[in-house]
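Subject: Structure handover

Hello,

Here is the structure I promised to pass on. Please open it first, then read my notes below.

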Amino acid sequence: MQNGGEIVKRTAGVIVAAVVLLLPALFFLGRQEKEVAAFTYRGIIFEGFNPEKHKPTPELARGVELEQVMITPAEMRTLMDIVDLLEKENLLYLMEIPDRFILVNCPYSFADKPQMIVYLDREKIKLDYSIADDWENKLSKFAPGLAFAEGQISFQGVPELPNLLRIIIHEVGHLIEYKVLEFSWQGEFIANDLSRDFVGISWDEENNWRDREKILLRLETIKKPEELVEFLTWFAGNSSFFSVYSSTGMTEDFAESFVFYHLKTRFDYALQLFYSGELRIPDLTAPTKEREEKFGFIAGVMRDPELLDLLEKGR
């Protein structure tokens, strides 16, 4: 049994560690009360889009509004929170892979693979939006007839994590997919020994590399909430994908698998499904044989000499 002195010492140690972690952010924010064109935090560069300076690859940037973006103090705090969250889990090196992060007015975030830059949709930075919210939102787009607003079906992450964390890891995953797996930067699949090992888990080479599980076709037939719960029960226990969005393409499959690899191994993340207020599925992304294969593949990628070289260069 611990005595009072030991408990006090341990508690004091935790408080000191928390203060040390927060000091850089508090000091930084104390000096920043106005909008800025750019800032650097823990070595990570963030810039507001400048049409005179930034020239994203045209094929990837059709939705970018060509206007100056100034980064607000609130956006700075949110981005710094994500950096601190990754730092706490020893994942800051993921944010060192892109050359920089650029905030844009654009309906989507994207990885500019040729330039090794991540462009962040600044609207996503403003939203108090969780990974579970995003999972539900994307699912509703593929099953539009379902009335999620009625509250019959809901999703919850454990722990609850901001979707901006997912977006950043997802876009970094695209850069790794391009650099290490050698996918075309235009999203085209070019088979090689390494990429075929990953893609072959969920995609049928003999059927023009189509989704083996026909996820989107299954969703098109769903008309009732009960049918969706049945589908998601199957998905949790049998699918090779980590989200419905994963099944929209091979590159998205890798990027989402990359996300959940880190969510599972570092945050012990689970995505719960509730139906009529009752917990029906404890984790929609629980390990299946194929998901474990993807995790094993990504663990190997994280040791790939190409990636290690990329990290060595500080990108």
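Long-range contacts dominate the count here: among contacts in the protein chain with a separation of 6 or more, 69% are between residues 24 or more positions apart. Please keep in mind that this is a predicted model. The chain has 315 residues, and 50% of them count as buried. About 15400 Å² of the protein chain is exposed, with 52% of that supplied by carbon and sulfur atoms. The chain holds 12 helices and 10 strands.

**The five-stranded sheet**

Start with the sheet of five strands. Its order is β1-β2-β3-β5-β4. The sheet is open, and its pairing is mixed. In general, strands of a sheet pair through backbone hydrogen bonds, either parallel or antiparallel.

Which strands stand at the edges? They are β1 (38–41) and β4 (110–112). Each has a single partner strand, so one side of each is left without a neighbour in the sheet. Neighbouring strands of this sheet are turned by 25° against each other on average, direction ignored.

Look next at the β4 end. There, β4 pairs with β5 (residues 117–121) over three bridges, in the antiparallel sense. Within this pairing, alanine 111 stands opposite valine 118 of β5.

Two helices belong in this picture. Helix α6 packs on the sheet and touches β3, β4 and β5. The direction of α6 makes about 35° with that of β4. Helix α2 (residues 73–88) lies across β1, β2 (44–48), β3 (101–104) and β5. It runs at about 25° to β1.

One more residue to find is glutamate 123, in helix α4 (residues 122–126). Its relative accessible area is 42%, so glutamate 123 counts as partly exposed. Glutamate 123 and cysteine 106 are 17 residues apart in sequence. In space they are 8.2 Å apart, C-alpha to C-alpha.

**The α6 and α10 pair**

Two packed helices are described by the angle between their axes and the distance between the axes. So what are the angle and the distance for α6 and α10? Helix α6 (residues 163–179) and helix α10 (residues 250–267) pack at about 125°. Their axes are 8 Å apart. That angle makes α6 oblique to α10. The crossing of α6 past α10 is right-handed.

Many side chains and backbones can be checked by eye here. On the α6 side, the contact includes Leu165, Ile169, Val172, Gly173 and Ile176. His170, His174, Arg166 and Glu177 of α6 also take part. From α10, the contact residues include Phe254, Phe258, Val259, Leu263 and Phe267. Also among them are Glu252, Glu256 and His262 of α10.

**The three-stranded sheet**

The other sheet to look at has three strands, in the order β6-β9-β10. It is open too, and its pairing is antiparallel. The edge strands are β6 and β10, each pairing on one side only. From one strand to the next, the twist averages 40°.

How many bridges pair β6 with β9? There are six, in the antiparallel sense. Isoleucine 153 stands opposite tyrosine 275 of β9.

Three bridges join β9 (residues 270–275) to β10 (residues 278–281), again antiparallel. Leucine 273 has isoleucine 281 of β10 as its bridge partner. The hairpin of β9 and β10 has two residues between the strands. In that hairpin, serine 276 takes a positive phi near 55°.

**Unusual backbone spots**

Most residues other than glycine have a negative phi, and most peptide bonds are trans. Three spots in loops deserve a look on that account.

- Valine 158 and proline 159 are joined by a cis peptide bond, with omega about -5°. Proline 159 is in the loop between β6 (153–158) and α6.
- Asparagine 208 has a positive phi near 60°. It is found in the loop between β7 (203–204) and β8 (210–211). Asparagine 208 is exposed, with a relative accessible area of 62%.
- Lysine 214 is not a glycine, yet its phi is positive, at about 50°. It lies in the loop between β8 and α8 (215–220). Lysine 214 is partly exposed, with a relative accessible area of 44%.

Best wishes

Definitions and conventions: Residues numbered from 1 in each chain as written. Predicted model: local features only at pLDDT ≥ 70, side-chain atom pairs only at ≥ 80, totals over all residues. Heavy atoms only, no water. Pairing = 2+ DSSP bridges. Helix = DSSP H or I, 4+ residues; strand = E, 2+ residues; numbered from the N terminus. Buried < 20%, exposed > 50% of the residue type's maximum accessible area, 1.4 Å probe, protein only. Contact = heavy atoms within 4.5 Å. Areas by Shrake-Rupley, 256 points an atom, 1.4 Å probe, with all protein chains shown as cover. Axes fitted to C-alpha atoms, helices over the stretch in contact; angles between N-to-C directions. Parallel < 35°, antiparallel > 145°, perpendicular 65-115°, else oblique. Left-handed = near helix turned anticlockwise from the far one by under 90°.
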